[in-house]
Amino acid sequence: MASLGAIALWFVLRVPTPPRPYLPFPPGKQCVLSITDDTDYFQFATTKPVYDLLNRFGARVTKTVWVFDDPKSTPEKEGLSLTNRTYKDWVLEQKRYGHEITLHSAASGDDPRDRTLAAYDSLEAMLGELPRLEIFHKANKEAFYWGAERLPSGVLRRLYEARMSGRFEGNKPESEYYWVDRARSLIRYVRTYTFNDIDTWAVNPSMPYEDPSTPEAPLWFASSNGRWGQDFVRLATPANLDRLKEAHGVSIIYVHLATGFDTPEAMSAMARCAGDADVEFVPAGELLDRLRLIQRVRTQLDQGADRIRVPVALRSEFALVSVQPQELGTVRGVDGKTLPSRLSLQDWLERVDVEVEWTNDSIFAEPEVISRWEKWRLVAKWLWTQVATPT
Ligand SMILES: [Zn+2]
């Protein structure tokens, strides 16, 4: 019985490398890596050295921030928020280095709707634009479709609720924490499941995806676990990086740069990733836009279109997507086998005589919808990670 269970688990958790004719990085790179930095416990002493290292390499990450202090706690305990003038100036300096600045919930405690919306207003005023994604903080009540609602079966949900009573209310219209109705007007993507595999895209090939069970939510994306310094060191080994390059993989690594990253081991793992010329190192918002662009292009090309419509909001990433024509076979009379192994998407579309029309369509139009099978696999990987590497 146990061995049957083990076989079933192996089958669910194994991830074959899928064919990847379209890649979210330019022809000169072998893989792409994004770091999403959860701002918990931010203090200059522990975190600034890590950003100084990244900036020396020109490596850009996604840095999350809190706009406000939690009225029930202190920044000394939770980490600084933008109410601290010195910190705000430093965050703006990081933006000038090219890091992406996004929200990690409005504050480190539960945020009623008004505070969440005020945080977005304030961040937009500070950055001159809205952020592209959000990473929910731990147990903040305003998270939507969170807690038990992340589980795809009634049995699992009841088990979860028996341990932790329903606390997440961002999608409950009667709650003062409700805000999912505004979410798509504020952000494009939200982080969900985390697991220990480095190739995030292999486990979650539909990302950024729409989930039919989470109406109004923006698109979801998964992440690889580099939570604390030691998790990152374990994930970003030279062997895993080599595997990622070989598979032309995509890694979105979830980290807390304030905790355990100022050690020699973590600093050298970070330097290895940031200094590798084969690795495209970009903020998650840019990477997710490239994946969304690939989804739109691929769907229309598969339908045989000679003119494809793509939301203009994704245009800035167009030149940074590439194609492996040899994996595409013959397209519109052009045999991919006769072409170089990698081309920019732009070049390839010209060769197959396909025109791009930039439209004002929403980036949420015609989404990639996650299958039940893929969601079950994500959940299994995520639960397994909670057991194997608890926080
Ligand atoms: Zn957090």
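**Exercise 1.** In this predicted model, determine what span the 19 residues of helix α12 (residues 284-302) should have, and compare it with the distance between the end C-alpha atoms.

*Solution.* Step 1: the expected span is 1.5 Å times one less than the number of residues. Step 2: for the 19 residues of α12, this rule gives 27 Å. Step 3: the end C-alpha atoms of α12 are 27 Å apart, which agrees with the expected value. Step 4: after the helix comes G304, whose phi is positive, near 85°.

**Exercise 2.** Decide how α12 is placed relative to the rest of the structure, and state what α12 gives to the largest nonpolar core.

*Solution.* Step 1: a residue is buried if 20 or more other C-beta atoms lie within 10 Å of its own. Step 2: 15 of the 19 residues of α12 are buried, so the helix is largely enclosed by the rest of the structure. Step 3: the largest nonpolar core has 80 residues, of which F232, I253, C273 and L287 touch the most other members. Step 4: α12 gives the most to this core, with 8 residues. Step 5: another core, of 9 residues, lies apart from it and includes I135 and W179.

**Exercise 3.** Locate R332 and D353, and classify each as buried or exposed.

*Solution.* Step 1: R332 lies in the loop between β12 (330-331) and β13 (334-335), and D353 in the loop between α13 (345-351) and β15 (355-359). Step 2: a residue is exposed if 12 or fewer other C-beta atoms lie within 10 Å. Step 3: R332 has 12 such atoms, so R332 is exposed; D353 has 11, so D353 is exposed. Step 4: neither is a glycine, yet phi is positive, about 45° for R332 and about 60° for D353.

Technical notes:
Residues numbered from 1 in each chain as written. Predicted model: local features only at pLDDT ≥ 70, side-chain atom pairs only at ≥ 80, totals over all residues. Helix = DSSP H or I, 4+ residues; strand = E, 2+ residues; numbered from the N terminus. Core = buried A, V, L, I, M, F, W, Y, C linked by C-beta atoms within 7 Å.
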